[in-house]
Amino acid sequence: PLTKGGKHVDALEFHSLLEKESTVVIDVRNHYEAVIGRFDGQDQKYKTPQEKGKEEEEKSTARESATYLDPRMRKSTDFPKWLARPETQAKLQNKTVLMYCTGGVRCEKASAYMNSQMGESVKGIYQLQVGVERYLTQFPAGGHSRGKNFVFDGRGVASAKDTKLGGDGNEDIDTTGDHLESHDVVGKCTSCD
């Protein structure tokens with residue numbers, strides 16, 4: 001039942017929970033959305049060239065933070081199969097679980113399902129209230145968000161650094177790539193890398 005979903009937390013509490021080592025954060029968006037942006041501070045699979053050069057510096061100043069999990073879903077119905085895997089359950093055992101999605105809808109179903117399957121095995125299940133868009137409006141500088149957020153309007157993607165965040169979808173979109181210098185790029189092309 002959806003009434004048994006995760007506890008809704010606002011952007012400020014979500015931000016704080018991301019900084020705790022005993023937390024696991026699950027991106028319940030489609031995988032193609034996850035590869036273009038996520039919350040940082042977790043295990044970072046995709047690194048920019050600048051980040052690779054700073055890796056040693058980061059190790060010496062590393063802070064406690066949540067572990068990031070991407071179920072690599074193509075559709076919401078992939079979530080139960082991912083959650084049933086023994087290796088997934090081992091990563092979640094005795095952890096505080098945070099979930100997020102673009103607007104909060106997928107989290108309702110995913111958190112209710114997780115609660116029914118693993119509620120007694122985890123320390124708590126929380127979901128970002130209203131999703132990534134609300135977090136980005138609360139943290140205009142980006143907070144713990146890296147990369148961009150897939151949005152369902154003419155922009156296609158947006159980040160907190162975009163001045164057009166929250167626009168009406170009719171803005172001109174820079175397709176030249178010149179804008180990428182000012183944004184963290186966390187993904188790569190699956191065809192040419």
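Q: So we're on the same page: here a helix is a DSSP run of H or I with at least four residues and a strand is a run of E with at least two, both numbered from the N terminus. How many helices and strands does the protein chain have?
A: The protein chain has 8 helices and 9 strands. Please keep in mind that this is a predicted model, where local features need pLDDT of at least 70, side-chain atom pairs count only at pLDDT 80 or more, and totals for chains, interfaces and linings use all residues. Residues are numbered from 1 along each chain as its sequence is written, and side-chain values use heavy atoms, with hydrogens and water left out.

Q: Good to know. What's the mean pLDDT of the protein chain?
A: The mean is 77, and 67% of the residues reach 70 or more. pLDDT is the predictor's confidence in each residue, on a scale from 0 to 100.

Q: Where is confidence lowest, and where highest?
A: Helix H4 (residues 55-60) is lowest, with a mean of 48, while H5 is highest at 97. Residues 42-49 also have pLDDT below 50, and this stretch has 27 contacts in the model beyond near neighbours in sequence. For residues 165-182, again with pLDDT below 50, there are 20 such contacts. A contact means heavy atoms within 4.5 Å. Where pLDDT is low, the predicted coordinates should not be read in detail.

Q: And how much of the contact set with a separation of 6 or more comes from residues 24 or more positions apart?
A: Such pairs account for 70% of those contacts in the protein chain.

Q: Switching to cysteines: how many disulfides are there?
A: The structure holds 0 disulfides, a disulfide being a pair of cysteine sulfur atoms within 2.5 Å.

Q: Why no bond for Cys101?
A: Because its closest cysteine sulfur, in Cys107, lies 3.4 Å away, which is too far for a bond.

Q: Is Cys101 buried or exposed? And Cys107?
A: Cys101 counts as buried because its relative accessibility is 3%, and Cys107 is buried at 0%. Buried means under 20% relative accessible area, exposed means over 50%, and partly exposed falls in between (1.4 Å probe, protein chains only). Of the 193 residues in the protein chain, 41% count as buried.

Q: Okay, empty space next. How many cavities of 30 Å³ or more turn up?
A: The search of the whole structure finds 1, and the largest cavity has a volume of about 50 Å³. On a 1 Å grid over the protein atoms alone, a cavity is a set of points where a 1.4 Å probe fits but cannot get out; lining residues have an atom within 4 Å of a point. Grid points are joined across faces, edges and corners, and the volume is the space filled by probe spheres set on them.

Q: Which strands supply at least two residues of the lining of the largest cavity?
A: Strands E3 (37-39) and E7 (145-147) do, and E3 gives the most, with 3 residues. Among the lining residues are Gly37, Arg38, Phe39, Ser145 and Arg146.

Q: Last one: which residues other than glycine have a positive phi?
A: Among them is Arg72, with phi near 55°; Arg72 sits in the loop between strand E4 (67-69) and helix H5 (79-84) and is partly exposed at 47% relative accessibility. Val130 has phi of about 70°. Val130 lies in the loop between strand E6 (124-128) and helix H8 (132-138) and is partly exposed at 35%.

Notes
1 Å grid on protein atoms, 1.4 Å probe; cavity = no way out; pocket = protein on both sides within 12 Å on 5 of 7 lines; lining within 4 Å.
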